[in-house]
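Colleague: I am new to this structure. Please take one sheet and go through it closely, strand by strand, and then set it beside the other parts that can be described in the same way.

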Amino acid sequence: TLGLDMHLVKVEVRRMGGGFGGKESQGNALACACAIAAVRNNSTVKMRYDRDDDMKITGKRHDFRIEYRAGFDKLGKIKALDVKHFVRCGWSQDLSLPVADRAMLHADNCYHIPNFRVESHRLKTNTQSATAFRGFGGPQGMIGMENIIDHIAFSLGLDPNIVRKRNFYTSEKKIKEGINPQKSHYGMEVKDFIVHEMMDALFEASEYQTRKIKVKKWNKENKILKKGIAFNPVKFGISFTLTQLNQAGALVHVYNDGSVKINHGGTEMGQGLFQKVAQVAAHVFGIPINKVQITATDTTKVPNTSATAASSGSDLNGMAVKEACEIICARISSYFIEKYRANNNDVKFEDGRVKGSNFDIAFEDAIQEIYTQRISLSSTGFYKTPKLEWDRIIGKGRPFYYFAYGVAVSEVVVDTLTGEFKLLRTDILHDAGNSLNPAIDIGQIEGGFIQGLGWLTTEELVWSKQGELKTHAPSTYKIPCASDRPKIFNVSLFDNLNTEDTIYKSKAVGEPPFMLGISVFLALRDALSACGNDWPNLIAPATPENILKAVRSMNGT
């Protein structure tokens, strides 16, 4: 915008009040306008959209029309699948290319399809330029696949979950026993698939089979209010699909009183990234977390940062900070091993102390001594995600380092006279690997699920023929609120270590839980199936109007 070299521009990002993708690219227009005004007026410039203008201008999640043809046997095993995505991108390209790509990469969700074709059409329209949003195309690809599974089950008169199990990828357990892993439609081996075990565990914990029988009984006895219960699995790939973005840097200072200050390339937007990264540093140094401070993200301290996106914030920045801390620890260890002639090189940093075979020193005292010996107590750290190899032109390779998994069961009741519904209960079992912070991760899962619920049930976008957004205020655009959460909401973490060498064997948890909201949409369809013998043609979002249309199309009213 200003024609300046990057080293002449300082960008500092403090805590944000939520992100979810909308701030990834579309804040740039405001930033450029402010920069020009600041330079010309030689003064600070602040710009803020009016809420109504913000909703009209800022892009939304890409909406998809999905067409499919499926070939399957009488047991529901899919033999071949042809899927077409029609993506509304808006007036500019923005991030539509990678969003639509990721939708294609997640079009299989948890299922191995031996003959699979996915075709994507990115459509330029006279509407807002659609942009990133939590899941980044993954949700659209997955709901298409889950819809196909339900449709196959309906046409065969089978339980949808039987069809799901018959099409799952080979489990990690069987692969360890010697069975070869299966490959996805883009050629990546799926070696860590654990949904079989997660599904069984969740069905037992949620009493799914018993409740399924009760739902059927209820629907036979009640003409107006119909209940539905459904399950959905999630397999979400973790990494940027643009390989060069999978890198991070960090800067760590240890002060001579033993306190620690950190800067890294990730931004905090309420997802708990700073807390997790501080925990990593505290763990490496063996000190209390209150001794660690993380400063606002700053391009003069850590340059060339990637977006805090793709659920990879902790994976990338946590590892970069860990490396920087370990470099400092190695300097400290070398000094004390030489000084005390320790019997071995195993120096430990724990419980606020530095310990060797023949010495035990308080961390603060050790740091003070290192300082007097003129040994550097600062270090940079760098991390790049390994094993990635992706060619998007031919659509083959390994775009993801690993997969995060989750499963959900939701139960709803629908008023077939009005189309209104209530979410009665949701049970979730999610795979966060060896969780860095279970409280934060469970919060992310709960919030992600509710956001997914809103995406598929209440958040309807209405456009005029001229491309003007008509639902641009809280009175017309309905996001879920606290009263929309299920009365019974059980969320648990699955006990599982990441098979890849991530930060302390944890897994990303930002985006994957969002797709668990699909279980609510499937439960609504299950409820509608009790209204007639036809396939319930329910369109997302499942607003009361769309639910009522589906009911009337089934009973002929």
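Modeller: What follows starts with the sheet and then moves to a run of hairpins, a helix, some salt bridges and the domains.

The model is predicted, so local features are given only at pLDDT of at least 70 and side-chain atom pairs only at pLDDT 80 or more, while totals for chains, interfaces and linings use all residues. Residues are numbered from 1 along each chain as its sequence is written, and side-chain values use heavy atoms, with hydrogens and water left out.

The sheet is open and has three strands in the order β2-β3-β4, with mixed pairing. Helices (H or I, at least four residues) and strands (E, at least two) are DSSP runs numbered from the N terminus, and two strands pair if DSSP finds at least two bridges between them. β2 and β4, the latter at 116-124, are the edge strands, each pairing on one side only. On average, neighbouring strands of this sheet are turned by 10° against each other, direction ignored; axes are lines fitted to C-alpha atoms, for helices over the stretch in contact, and angles run from 0 to 180 degrees between N-to-C directions.

Strand β2 covers residues 64-72 and strand β3 residues 78-90, and nine bridges pair them in the antiparallel sense. One of the bridge partnerships is that of Tyr68 with Val83 in β3. The two strands form a hairpin with five residues between them, and Gly76, in the turn, has a positive phi of about 95°. β3 and β4 run parallel and are joined by nine bridges. Here His85 has Ser120 in β4 as its bridge partner. In general, strands of a sheet pair through backbone hydrogen bonds, either parallel or antiparallel.

A helix also belongs to this picture. Helix α4, residues 138-156, lies across β2 and β3 and runs at about 40° to β2; contact here means heavy atoms within 4.5 Å.

The hairpin also carries a salt bridge (a side-chain nitrogen of Lys or Arg within 4 Å of a carboxyl oxygen of Asp or Glu). The side chains of Arg69 and Asp82 meet in it at 3.3 Å, N to O. Arg69 is in strand β2 and Asp82 in strand β3, so the pair links distant parts of the chain, 13 residues apart. Arg69 counts as exposed because its relative accessibility is 61%, whereas Asp82 is buried, with a relative accessible area of 17%. Buried means under 20% relative accessible area, exposed over 50% and partly exposed in between, with a 1.4 Å probe and protein chains only.

Further along the chain there are other hairpins. Strand β12 (348-350) pairs with strand β13 (353-356) in the antiparallel sense over three bridges, and Glu350 has Arg353 in β13 as its bridge partner. This hairpin has two residues between its strands, and Asp351 in the turn has a positive phi of about 55°. β13 is then joined by four bridges to strand β14 (359-362), again antiparallel, and Val354 has Ile361 in β14 as its bridge partner. β13 and β14 form a hairpin with two residues between them.

Next comes helix α11, residues 363-372, in which Phe363, Ala366, Ile367, Glu369 and Ile370 are buried. These residues are on the same side of α11 because they cover an arc of only 160° around the axis, the arc being that of the directions from the helix axis to the C-beta atoms. Their cover includes β12, β13 and β14, along with β8 (247-254), α9 (273-285) and α10 (313-340). Just after α11, Arg374 has a positive phi of about 60°.

The structure holds 34 salt bridges. One of them joins Arg425 to Asp427, with the closest N and O atoms 2.8 Å apart, and both residues are buried. Another joins Lys507 to Asp431, where the closest N and O atoms are 2.6 Å apart. That pair links distant parts of the chain, 76 residues apart: Lys507 is in the loop between β20 (488-493) and α13 (518-528), and Asp431 in the loop between β19 (421-430) and α12 (438-457). Lys507 counts as buried at 5% relative accessibility, and Asp431 counts as buried at 0%.

Last, the domains, whose bounds come from an automatic or database domain assignment. The assignment gives domain 1 (19-57), domain 2 (64-241 + 391-555) and domain 3 (247-384). The centres of domain 1 and domain 3, taken over C-alpha atoms, are separated by 35 Å.
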